[in-house]
Amino acid sequence: MIKSNQTLFSQFLLLGLPIPVEQQQLFFALFLAMYLTTVLGNLIIIILIHLDSHLHTPMYLFLSNLSFSDLCFSSVTMPKMLQNMQSQDTSITYAGCLAQMYFFDLFGGLEIFLLVVMAYDRYVAICLPLHYTSIMSLKLCVCAVLISWVFNMLYSMLHTLLLSRLSFCEDNMIRHFFCDMSALLKLACSDIYINELMIYILGGPLMVIPFLLIVVSYVQIIFSILKASSTRAIYKVFSTCGSHLTVVSLFYGTIIGLYLCPSDNNFTAKEASIAMMYTVVTPMLNPFIYSLRNRDIKEALINVLIKKIPL
């Protein structure tokens, strides 16, 4: 019977957000505006870094990749969610669901890796300024970005392949607004022991180790700040690291709040709000955080607007 169900199984139904029917249009307009802001803001960051030669540095190489990751991370879930809010058909094909889960894990993991690399870049710039050029060479930066991409592609593919071997019961309602791995595992009829084991063995360290590396980097930076006698130097350090710390706090804060808080099988408003924070709000805010607190980005934008940069 399980085999038969798996053979006939061709699609899932997405429960969506717990929004009253009379408020659907209001929230649709809000989420559409947020998504368009995310796309526009991150595209502007990428284009500015590409056009302005002064931004061709390790920090902005990582920032451009982070902006691309944010853009894609939000695009994995938002268009389908917006479509479902305007349609009575909330179905998603089996292959489409696996693809959405794959890219969600890919760009989510990529963001974590990039935040770690950016923290290391700030550590070297502040604690080892005389060796910054030799340490943060172009070769090292490109290798760091490539390793981040390759590792997360393999990691996401592993979980996708493990999920594809499962059979699912008659209940094909995913209690989420996208194909979340944990929500899919709750629908499985077959043994999910290997899937859960890989989540604990790989997923746990993927979250914890990068976070610890970021903490260690900033502990070293704080010690370096305490040794500085100049108030101006301390202010410069905080202005340099403030944007990155804000993004790390937003990203990790929402994920910790979602996965460390126990929940039942129902998709609550609290879970929906937290999921929206790290899939929509954080990618939307990142360009503003980096541009408002970053003089180089502001100057590059002004130069583009007044057409001082040769094309």
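# Helices, cores and aromatic pairs

The unreviewed UniProt entry lists residues 33-51, 98-120, 140-158, 197-225, 237-260 and 272-292 under "transmembrane region". The model described here is a predicted one. Two of the listed spans can be checked against the model. Residues 33-51 are 100% helix and 0% strand, and the C-alpha atoms at the ends of this span are 27 Å apart. Residues 98-120 are likewise 100% helix and 0% strand, with 33 Å between the end C-alpha atoms.

The next topic is the interior. The largest nonpolar core has 65 residues, and those that touch the most other members are Leu-17, Phe-31, Leu-63, Met-81, Phe-107 and Ile-214. Two or more residues of this core come from each of helix H2 (24-51), helix H3 (58-86), helix H4 (94-127), helix H6 (138-164), H8, helix H9 (231-259), helix H10 (269-292) and helix H11 (295-305). Helix H4 gives the most, with 14 residues. Another core lies apart from this one. That other core has 18 residues, including Phe-12, Met-101, Ile-174 and Ala-188.

Aromatic side chains are a further topic. The whole structure holds 19 aromatic pairs. In one of them, the ring centres of Phe-104 and Phe-178 are 4.5 Å apart; the pair counts as tilted because the planes stand at 35 degrees. Phe-104 belongs to helix H4, while Phe-178 sits in the loop between strand E3 (173-174) and helix H7 (181-185). The two residues are 74 residues apart, so the pair links distant parts of the chain. Are these two rings buried or exposed? Phe-104 has a relative accessible area of 7% and is therefore buried. Phe-178 is buried too, at 0% relative accessibility.

A second pair is formed by Phe-107 and Trp-149, with 6.0 Å from centre to centre and 90 degrees between the planes, an edge-to-face arrangement. This pair also links distant parts of the chain: Phe-107 is in helix H4 and Trp-149 in helix H6, 42 residues apart. Both Phe-107 and Trp-149 are buried. They belong to one aromatic cluster together with Phe-68, Tyr-102 and Phe-103.

The last topic is the surface. Val-208, Phe-211, Leu-212, Val-215, Val-219, Ile-222, Phe-223 and Leu-226 make a nonpolar surface patch of about 700 Å². One of these residues, Ile-222, is found in helix H8 (residues 193-227). Ile-222 has a relative accessible area of 46%, so this residue counts as partly exposed.

Methods. Residues are numbered from 1 along each chain as its sequence is written. This is a predicted model: local features need pLDDT of at least 70, side-chain atom pairs count only at pLDDT 80 or more; totals for chains, interfaces and linings use all residues. Side-chain values use heavy atoms; hydrogens and water are left out. UniProt positions are given in the numbering used here, feature names are shortened, and annotations may be inferred rather than shown by experiment. Helices (H or I, at least four residues) and strands (E, at least two) are DSSP runs, numbered from the N terminus. Patches are made of residues with over 30% relative accessible area and no salt bridge: like charges are joined within 9 Å, nonpolar side chains (Val, Leu, Ile, Met, Phe, Trp, Tyr) within 5 Å. Accessible areas come from the Shrake-Rupley method with a 1.4 Å probe; for residues, only the protein chains shown count as cover. A salt bridge is a side-chain nitrogen of Lys or Arg within 4 Å of a carboxyl oxygen of Asp or Glu. Buried means under 20% relative accessible area, exposed over 50%, partly exposed in between (1.4 Å probe, protein chains only). A nonpolar core is a set of buried Ala, Val, Leu, Ile, Met, Phe, Trp, Tyr and Cys residues joined through side-chain atoms within 4.5 Å. Rings of Phe, Tyr and Trp (its six-membered ring) pair if their centres lie within 6.5 Å; planes under 30 degrees apart count as stacked, over 60 as edge-to-face and the rest as tilted.
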